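Me: I have a structure open and want to go through a few contacts. Can you take my questions one by one?

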Protein chains: 2
Amino acid sequence: MTREEAAVSPRRRNAAETRAAILQSAVAAFTEHGYDGVGVREIAGAAGVTAMLVNRYFGSKEQLFAEAVDVSFAPRTVVSGTAATFTSNAASRLVARSAAHAEDLDPFLLMLRSAGNPRAAEIIRDGIQRHVRKDLVSLLKGGNAAERAELMLSVIAGLWLMRKVIGTPALVDADPADLARHVSRILEGIAGGLTAPAQAE
Amino acid sequence: MTREEAAVSPRRRNAAETRAAILQSAVAAFTEHGYDGVGVREIAGAAGVTAMLVNRYFGSKEQLFAEAVDVSFAPRTVVSGTAATFTSNAASRLVARSAAHAEDLDPFLLMLRSAGNPRAAEIIRDGIQRHVRKDLVSLLKGGNAAERAELMLSVIAGLWLMRKVIGTPALVDADPADLARHVSRILEGIAGGLTAPAQAE
DNA sequence: GTCTATAGAAAGATAGAC
DNA sequence: GTCTATCTTTCTATAGAC
């Protein structure tokens, strides 16, 4: 406080911190309200700054969203563990995290609540390509790994949607263990065999 | 048609026809762009009227959306046929209708592109309760029919999302027969046995 | 029954002071 | 580096003419 103009006034921050605060606020806001459901004023306000800084540091709302998607999808939240255990792990964690009371931030929620906007959908598609899909494909043996990986993502996204975004009652009130068993069964069916169209007919 | 003031001026319509035209336009617009992605001006314009008539006949955009959801979910598009065949039927139709070139109107698309708006999500949840879920539950034998019905809806919605709204490439380019086989397998797994938690542990 | 015109709010983005 | 103030557009909804 006694040195040049680096004195610490209560609001003074450096650019990197402010940028990070805006980005963090954007992830939370886009996850909770979706791309069209939140304005740059709200995001800026929650970060303790004004709306102008959002465009100063990110250029536009769209570019801010792109960065928010990137940091949201970067950690490996869906695919964790080894190939042998990741289906049941993923199912349990999915059910736990999508529970009614859980207020976790999750990239699937961000996706589901922003997918209605076509530009947001493109950005999300690219984010999935660059992050989670690659990890999922590497875990899958057999043919059509990419198709099966995306099919697994479909199942996961669908449960998030109905349970947490739409909120259909039977899924909200379902017994977690029972639901996790169902989902695990489905994911195993996709991850395991049945890639060869041999016995199909 | 040649009676009284029912004379046909090029633009003259009666109230019922205008209302129906607006509603039809609303279903198409909400399905294509989502609740937040379209304005009453566009909906009215596509119906050949002005925005004012939307509120005149429906009260508000929200009430218009509620009616659009109702007519969109009313026909039994997902559950058709008998209990024995509806899983494979549903899978084939789902894959066909969600193909990249297909420009069908579908209630799942309306749901997915509007789910980000919390009021829209509530309206959709009610629409599902009143229409498709009931039909699905009646087809399912065994315990937890409601949970399993909603789980099936989750799977269907998830595929619609990734294939048509987000547009992940492997799902877009997937062989329809192969994809339908996977989905049918999943739906059968939910519809068929495995309801009893007997062998779970 | 349908229109034009507009009110009133909120959005994204920018100019310029300090 | 961050602010206040404003521009411009777009939105839902309403008032009042014909």
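Reply: One definition before we begin: Ala, Val, Leu, Ile, Met, Phe, Trp, Tyr, Cys and Pro count as nonpolar, Asp, Glu, Lys and Arg as charged, and the others, Gly among them, as polar. Also, this is a predicted model.

Me: OK, so by class, what does the surface near DNA strand D have?

Reply: Seven nonpolar, seven polar and four charged residues.

Me: Which residues come nearest to DNA strand D?

Reply: Out of 18 residues around the strand, the nearest are A:Thr18, A:Met52, A:Arg56, A:Tyr57 and B:Arg41.

Me: And which elements give two or more residues to that surface?

Reply: In chain A it is α3 (51-58), and in chain B α2 (40-46) and α3 (51-58). The largest share, four residues, is from α3(A).

Me: What part of the DNA is within 4 Å of the protein, sugar or phosphate, or bases?

Reply: Of the strand D atoms within 4 Å of the protein, 50% are sugar or phosphate atoms, and the rest are in bases.

Me: Which atom of A:Tyr57 lies 2.6 Å from a phosphate oxygen of strand D?

Reply: A polar side-chain atom. For B:Asn55 a polar side-chain atom also lies by a phosphate oxygen of strand D, at 3.4 Å. With B:Val40 it is a backbone N or O atom, 3.0 Å from a phosphate oxygen of that strand.

Me: Switching to the protein chains. At what angle do α7 of chain A and α9 of chain B pack?

Reply: About 110°, with the axes 10 Å apart. Angles of 65 to 115 degrees count as roughly perpendicular, so α7(A) is roughly perpendicular to α9(B). Helix α7 covers residues 118-130 of chain A, and α9 covers residues 145-166 of chain B.

Me: Which residues make the contact?

Reply: From α7(A), A:Ala121, A:Ile124, A:Arg125 and A:Ile128; from α9(B), B:Met162, B:Val165 and B:Ile166. By class, that contact has six nonpolar residues, one charged and no polar.

Me: Last one, A:Asp178. Where is its place?

Reply: In helix α11 of chain A, residues 176-191.

Me: Is A:Asp178 buried or exposed?

Reply: A:Asp178 has a relative accessible area of 7%. The cut-off for buried is under 20%, so A:Asp178 is buried.

Me: What does A:Asp178 touch, not counting residues up to four places away in sequence?

Reply: B:Asn144 and B:Glu147. The side chains of A:Asp178 and B:Asn144 are joined by a polar contact of 3.2 Å.

Definitions and conventions: Residues numbered from 1 in each chain as written. Chains lettered and ligands numbered in written order. Predicted model: local features only at pLDDT ≥ 70, side-chain atom pairs only at ≥ 80, totals over all residues. Heavy atoms only, no water. Axes fitted to C-alpha atoms, helices over the stretch in contact; angles between N-to-C directions. Parallel < 35°, antiparallel > 145°, perpendicular 65-115°, else oblique. Contact = heavy atoms within 4.5 Å. Near = heavy atom within 4 Å. Polar contact = N/O pair within 3.5 Å; in protein donor to acceptor, adjacent residues only side chain to side chain. Buried < 20%, exposed > 50% of the residue type's maximum accessible area, 1.4 Å probe, protein only.
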